Structure formats: C-alpha cells, structure tokens
Amino acid sequence: MRRSRSRKLFQPDGVSTDAQEVEPVLPSADGPAWAACPGHRAAPARPSRSQVRDMADERSSTSPLELFHSIAAQGERVRALKAGQASKDEVDSAVKLLMSLKMAYRAATGEDYKVDSPPGNLAPAGQSATEAEEDFVDPWTVQTSSAKGIDYDKLIVRFGSSKIDKELVNRIERATGQRPHRFLRRGIFFSHRDMNQVLDAYENRKPFYLYTGRGPSSEAMHLGHLIPFIFTKWLQDVFNVPLVIQMTDDEKYLWKDLTLDQAYGYAVENAKDIIACGFDINKTFIFSDLDYMGSSPGFYRNVVKIQKHVTFNQVKGIFGFTDSDSIGKISFPAIQAAPSFSNSFPQIFGDKTDVQCLIPCAIDQDPYFRMTRDVAPRIGYPKPALLHSTFFPALQGAQTKMSASDANSSIFLTDTAKQIRDKVNKHAFSGGRDTIEEHRQFGGNCDVDVSYMYLTFFLEDDDKLEQIRKDYTSGAMLTGELKKELVETLQPLVAEHQARRREVTDEMVREFMTPRKLFYDFQ
C-alpha cells in the first residue's frame, strides 16, 4: 500500500505506544497525539513511579515537537474542563496527565516546557537528525540507506512493540504441538503485540480469530505479497481458527489512478492468488470493502465508532496526512481498523464483542493498528494482537520493498521459469566480490546478498540454508552458484502456485467472498 509522499511532519510512531509496555494516551478533539483521553478516570495524585517509567520509555519513540504540541493541547483541555465545571476526578485526571507529559518533555529535551517556545531538536530523543533520516517506515513508504535493510531492533524500540524471542517461539510450539514455521525460526516474523495474551486465551480454550489483508493495486501479485498469507495459512492450520481477509479496493481507488470497477476487479483477481495459498473455505472469509461495507451494518457501525474517536489531528500525526488530502484518505484508517473487532462479522461471531483478533502483517502496517489499539478500550472492545514481519527486499537490494509497478524489482506469480532465471541472474543484488580470486579469498556477504535473503524466506531446510551461508561466506560458493540455488528453489514454488491458481474458479471466489457462518474450535 503506497501513495505519494506527504510531508514528514511526524514519524509514523506519533501515536502513543500501547499494550503492557506503556498505557496509551489518545488525543483530545483539539490536539495531536498524546493529548488526554476524554472520560479517563484516576485518583487525584502526582504521577506514580510506574507512570514516570512509562514516560521515560515513551520519549524514545516520541519527538520533542509532538510532546510540545500535546502539552499545549492538554493544557487547553484542563482549562476547558475547569470552565465547564467538570467533576473533580475528571479535572484531577487531566491535570495528572498534563504533569506526566511535562515530565516526559523535560526528560526528552533537558528543559522545562515553555509556552510559545518549541524545542529546537525535532527528531526523537536519542536519535540524531542523520539517524532519523536513515530508516523511514510508514504504510506507504519504506526507506533505508543501509544495504542490509531496515534496522528492525531500532524499529521495535521506535514502535514500542516486543521482540519475538526464543521463549515465545517455544511457547507457540508447545501450544500447537507443531514445529514453528520457518518464518518464526528465522526471525522473519520478529515483533509482536500481546501474542502471549492470545496464547493464554488459546490454552484456556477461548476463541480468537485471524485478520490480514491485501491492497489490490494491480492484477498480478509478487512473491513479497505472499509472505503474510503463507504465514497466516500456517497459523490457521495449527490453531484451527477462523480468518477474515480484507481486500482494500476502496483504499486503492482513493490512492491510485483507478476506477472503482478496476479496483474491484483487481480485488477479485488477487483473491484467486490468495485462495491458491490453500486456505480452508470453511474457516475463511475474504471480503471487498466496496462490497461488504454496504451489506454489513455491524461492520459500518464499527467504522463510525472508530471515526468518532479519532481526530483529524491524530491521523495527521500518525499517517502524515495534509490539508490537501481527500476526506476519503483521512477516514480510511477506520475502515482498516474495523475488522479487528469480532462484531464486524455477525455472520461468523453473532453479537460477540469479546473475541480477540490476531493480525499477521508487515511492520509498515503497524501505525493503523496502534491507532486501533488506542481506540479499542474506549468503544468496549479488546485490543487486537499483532505479529510483524520484516520486509521482502527488491531484487536490487534491501533498501526498499518490492514494487508491483517495476517488473524487474520483483518475481511475479505470473513469471515463467525463464523469466525467474533471467531476473535473478541479471538483477539480484550480489554480496560477492569483484573477482573470483577475491571472492575465494575473502568470501561473500550474506547480509546484503539478495539471493541469500530470498532463500531465508523460501528454502525450508534449515541445515541446507546454514551450509549455503557457510560456503558463501567462506568463498567456497560463488555468486553464480548461489543464484542457481535460488532459481531452483523459486521455479517449482511459483509453478506450483500457478497450477493451484488455475484450479480456482469464479464460483470458488464467490463462495469465499460470501458472508456466511464459519466452522472452527471453541465456538
């Protein structure tokens, strides 16, 4: 999901961090992220020690300028509550939050907050202006200057998520009784929010469901688009849970030069590729926003609830929208958020509002769901949990995601065996040396070699992958030999996918996209 870049007034982590790490704080109707949450109740007191620690954590992912504006907005809110003769508890709660924001501002800048005196350093604390420009991640743009790609450890800190460590991977294995997927074993899915909470529920035989999606911007999908669906299918199989897949054809109409009919047509064609991944029709509902919004009052009601609790200033802070963006773009995040709540699908869950959602997605989609997690408690729903993946690199290197608009940056699911071989041989960025002699002496660099990166995604055999790494790093394996390994891995994978897709009929697509009851454990 991409659009033309708007000004980078805020980094995508401008919304408050959430979950257990830091309790979320939402904007007021007048101010940007970090302003007070209406109706928040707390005992009148100075901030607790835990709140002080939370504020210290928050400053690592919040710019001083955001804090400056948030303090101003919160001050206005305190004055409005006093003028409106609000209850003492409500006023005290708002004052408490204002004090906490000022403490976070002082910790981030080393100075006390002063009205009409914004800070000089606009980058998040602990991050130089140069570092701030190295990696940029939002739902439409991924940029890094490093040939190794995005620094995901820094991204975890900035986004306030949690690392998927060995202990969590082992717990998933114990809960499911299945060997962890290679994406988990190799750190391709590397970050999470509340996965332990999902496992707690599962182990107590409480239901949850999966939600992922696709922005259908073209008829053909590439290998990078398969990553969340490959992993989501594994999750569906091992947990035996229902799945909803959102096709955001409305989003693509708003952002791209497409007609409504084209956007919907791409959604149907992309659905065929998704179905070809092997999803269980009895547990999977695929829906087009353009279709489902008009036929599901429950879904639209949740969209409206979310819209009421997210301000224009907040979406500007999270997504970088400007005054020239259409109101359709500004309101779209609520539509991507709505599938996170079970009563958006009454045909599956009835009127249940307490079924937790687990969202496997690339890390660039996290800003949508940080917003969703902030709103959820205010409208009486559980926060969705998330599993974040790394980005699938372009053939030309890990600096950017693959692009459906550049045929040579990607291996498409429609490519022939010859096209796959030619693209890998001609365009896959190499970590090898300039000459065979140098390569034999010094070895290659797997950290930047795209062929090796692709093998980490698609080669199932861990032992073979490790042997390739050792051979290439030592110089025993040449770049041409590494590319040959990749070609021999990708050609059958793509051919098998094409064969499965040919078996997907229009009738099958209609069945997957028809609202209906699904079947799963713990109903």
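The legends below accompany close-up views of a predicted model of a single protein chain.

**Figure 1. Overview of the predicted chain, which contains 23 helices and eleven strands.** Of the 523 residues in the protein chain, 57% are buried, and the accessible surface of the chain amounts to about 21,900 Å², with carbon and sulfur atoms contributing 50% of that area. Among contacts with a sequence separation of 6 or more, 78% are made between residues that lie 24 or more positions apart.

**Figure 2. The largest nonpolar core, with 69 residues.** The residues with the most contacts inside this core are Phe-189, Met-195, Leu-223, Phe-239, Ile-286 and Ile-411. Helix α9, which spans residues 223–239, supplies the largest share of the core, namely ten residues. Another core, made up of 39 residues, lies apart from the largest one and includes Ile-359, Tyr-368, Met-371 and Tyr-520. Within the view of the largest core, Met-195 can be followed to its partners beyond four places in sequence, which are Leu-168, Ile-172, Phe-239, Leu-358 and Leu-387.

**Figure 3. Arg-171 and its partners, including Asn-196 and Glu-203.** Arg-171 belongs to helix α6, which runs over residues 166–176, and its side chain makes a polar contact of 3.0 Å with the side chain of Asn-196. Arg-171 also forms a salt bridge with Glu-203, in which the closest N and O atoms are 2.9 Å apart. Because Arg-171 sits in helix α6 while Glu-203 sits in helix α8 (residues 195–203), this pair ties together parts of the chain that are 32 residues apart in sequence. The two ends of the bridge carry separate labels for accessibility: Arg-171 counts as buried at 14% relative accessibility, whereas Glu-203 counts as partly exposed at 43%. When neighbours within four places in sequence are set aside, the contacts of Arg-171 are with Asn-196, Leu-199, Asp-200 and Glu-203.

**Figure 4. Salt bridges within helices, and a network of linked charged residues.** The count of salt bridges comes to 27, and two of the pairs shown here lie within a helix. In helix α11, Lys-272 and Glu-269 meet through their side chains at 3.3 Å, N to O; these residues are three apart in the helix and are therefore separated by about one helical turn. Lys-272 is buried, with a relative accessible area of 11%. In helix α18 (residues 417–427), Asp-422 and Lys-418 are four residues apart, and so they too are separated by about one helical turn. The closest N and O atoms of this second pair are 2.7 Å apart, and Asp-422 is partly exposed, with a relative accessible area of 21%. Elsewhere in the chain, a network of salt bridges links Arg-179, Arg-182, Arg-185, Arg-186, Glu-460 and Asp-462.

**Figure 5. The surroundings of Leu-243 in strand β6.** Leu-243 is placed in strand β6, which covers residues 243–247, and is buried, with a relative accessible area of 0%. Although Leu-243 and Thr-284 are 41 residues apart in sequence, their C-alpha atoms are 4.8 Å apart in space. Not counting residues up to four places away in sequence, Leu-243 touches Thr-284 together with other residues, among them Leu-210, Tyr-211, Thr-232, Phe-279, Phe-285 and Leu-518.

**Figure 6. Two loop residues, Asp-194 and Asn-240, with positive phi.** Most residues other than glycine have a negative phi. Asp-194, which is not a glycine, has a positive phi of about 65°; this residue lies in the loop between β4 (189–193) and α8 and counts as buried at 8% relative accessibility. Asn-240, likewise not a glycine, has a positive phi of about 55°. The loop that holds Asn-240 runs between α9 and β6, and Asn-240 is buried, with a relative accessible area of 18%.

**Figure 7. A nonpolar patch on the surface, formed by Tyr-253, Leu-260 and Leu-290.** Together these three residues present about 250 Å² of accessible area. Leu-260 lies in helix α11, which covers residues 260–275, and counts as partly exposed at 41% relative accessibility.

How values were computed
Residues are numbered from 1 along each chain as its sequence is written. This is a predicted model: local features need pLDDT of at least 70, side-chain atom pairs count only at pLDDT 80 or more; totals for chains, interfaces and linings use all residues. Side-chain values use heavy atoms; hydrogens and water are left out. A polar contact is a pair of N or O atoms within 3.5 Å; within protein, one must be able to donate a hydrogen and the other to accept it, and residues adjacent in sequence count only if both atoms are side-chain atoms. Contact means heavy atoms within 4.5 Å. Patches are made of residues with over 30% relative accessible area and no salt bridge: like charges are joined within 9 Å, nonpolar side chains (Val, Leu, Ile, Met, Phe, Trp, Tyr) within 5 Å. Accessible areas come from the Shrake-Rupley method with a 1.4 Å probe; for residues, only the protein chains shown count as cover. A salt bridge is a side-chain nitrogen of Lys or Arg within 4 Å of a carboxyl oxygen of Asp or Glu. Buried means under 20% relative accessible area, exposed over 50%, partly exposed in between (1.4 Å probe, protein chains only). A nonpolar core is a set of buried Ala, Val, Leu, Ile, Met, Phe, Trp, Tyr and Cys residues joined through side-chain atoms within 4.5 Å.
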